[in-house]
Amino acid sequence: MSVILNETKEAERIMEKGELGNKPAATLFLLGRYYSQKEKADAPQVFEKLNAFLQQHYKSYNPALWETMLDNISKKAAKYPLREIDSIGITRYELDKISKAADLNYQRLLFTMLCYAKLYHCISEANNGWVNAPIKEIYQVSRVTVKHRDDKFLYLNDLERGGFISFSNKNDNLNIQINFLDAREDFVLIINDFRELGYEYLNYTGNGKFIRCKECGRLVKQSGRNTHYCTICKQEKRLESKRNWWRNHG
């Protein structure tokens, strides 16, 4: 599950849609926290609510196989507060700094890391520009690909030499700090979706054609005549149309 800004809204969306997603454990943990913190359910009640959700929305559900996971989630659900951030803002100063990087790959990496740093700054002002995300995740969300694994660190070293970022002084810590975080709030770009930060930057700078899926809100590259849905939602729409046809004519 990618970074979710407003976990309360996402939990409510999941319950409305009945979606378990590609990472069931993450989805169930989010729902468990919602049941615990918003519906004030105790651990046994959280367990029963999660069990009911799976019974309703997971066809091959076998309670015995999920019992340990649901029990662990139920006991931990109250310990991790739901995040409720609607958006983060980017300033002109920050975008100007990013634009000085050598090419779009570097710029997308910087933009992605800046968004993460600003997210965690919203959670704690003491964060001081730290990105707090795995390097693998940064590359995935920025949509930057490299030929060789070591190239990921070469790119980051280039950005460090350029003064854009700093590395932790601890030898066993690969965390990164953004050096141009702007505390002002005269935002020129608002980000409310962390799934495709690389595309968000390209879309803002006019590099490529993108659409925002009308179903899930994901920013995707426009292909052909499709101007409404991402690939996944487009396929789901087709399947739903077929299911409706069979209901009416089967």
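Biologist: Where is arginine 143 found?

Modeller: This is a predicted model. Arginine 143 is found in the loop between H7 and H8.

Biologist: Is arginine 143 buried, partly exposed or exposed?

Modeller: Its phi is near 60 degrees, a positive value in a residue other than glycine. Its relative accessibility is 39%. Buried needs under 20% and exposed needs over 50%. Arginine 143 therefore counts as partly exposed.

Biologist: What is the phi of lysine 40 near?

Modeller: Lysine 40 sits in the loop between helix H2 (24–37) and helix H3 (43–57). With a relative accessible area of 65%, lysine 40 is exposed. Its phi is positive, although the residue is not glycine, and is near 60 degrees.

Biologist: Which helix gives the most to the largest nonpolar core?

Modeller: That core has 37 residues, and Phe111, Met113 and Phe194 have the most contacts inside it. Several elements supply at least two residues each, among them strand E1 (88–91), helix H6 (104–123) and helix H9 (197–205). With 10 residues, the one that gives the most is H6.

Biologist: How many residues does the other core have?

Modeller: It lies apart from the core that H6 feeds. Its members include Ile4, Ile14, Leu30 and Trp66. The number of residues is 19.

Biologist: Which charged residue does phenylalanine 111 touch?

Modeller: Leave aside residues up to four places away in sequence. Phenylalanine 111 then touches Ile90, Leu95, Ile98, Leu189, Ile191, Leu197, Tyr201 and one glutamate. Glutamate counts as charged. The residue is Glu200.

Biologist: Is glutamate 200 buried or exposed?

Modeller: Glutamate 200 lies in helix H9. Beyond its neighbours within four places in sequence, it contacts Phe111, Ile191, Asp193, Arg212 and Leu219. Its relative accessibility is 8%, and the limit for buried is 20%. Glutamate 200 therefore counts as buried.

Biologist: Are H6 and H8 roughly parallel or roughly perpendicular to each other?

Modeller: Their axes are 11 Å apart, and the helices pack at an angle of about 80 degrees. The range for roughly perpendicular is 65 to 115 degrees. H6 and H8 are therefore roughly perpendicular.

Biologist: How many nonpolar residues are in the contact of H6 with H8?

Modeller: H6 brings Asn105, Tyr106, Leu109, Leu110 and Met113, while H8 brings Tyr155, Leu156, Asp158 and Leu159. By class, 1 is polar and 1 is charged. The nonpolar count is 7.

Biologist: Is the aromatic pair of tyrosine 34 and tyrosine 35 stacked, tilted or edge-to-face?

Modeller: The count for the model comes to 8 aromatic pairs, with ring centres within 6.5 Å. In this one, tyrosine 34 and tyrosine 35 lie 6.5 Å apart, centre to centre, with 75 degrees between the planes. Both residues are buried. Planes over 60 degrees apart count as edge-to-face, so the pair is edge-to-face.

Biologist: How many residues apart are tyrosine 106 and tyrosine 155?

Modeller: They form a tilted pair, 5.2 Å centre to centre, with 40 degrees between the planes. It links distant parts of the chain, since tyrosine 106 is in helix H6 and tyrosine 155 is in helix H8. In sequence, the residues apart number 49.

Biologist: What is the relative accessible area of tyrosine 106?

Modeller: Tyrosine 106 is buried. Buried means under 20%. The relative accessible area of tyrosine 106 is 12%.

Key. Residues numbered from 1 in each chain as written. Predicted model: local features only at pLDDT ≥ 70, side-chain atom pairs only at ≥ 80, totals over all residues. Heavy atoms only, no water. Core = buried A, V, L, I, M, F, W, Y, C linked by side-chain atoms within 4.5 Å. Buried < 20%, exposed > 50% of the residue type's maximum accessible area, 1.4 Å probe, protein only. Helix = DSSP H or I, 4+ residues; strand = E, 2+ residues; numbered from the N terminus. Contact = heavy atoms within 4.5 Å. Axes fitted to C-alpha atoms, helices over the stretch in contact; angles between N-to-C directions. Parallel < 35°, antiparallel > 145°, perpendicular 65-115°, else oblique. Phe/Tyr/Trp six-rings, centres within 6.5 Å; stacked < 30°, edge-to-face > 60°.
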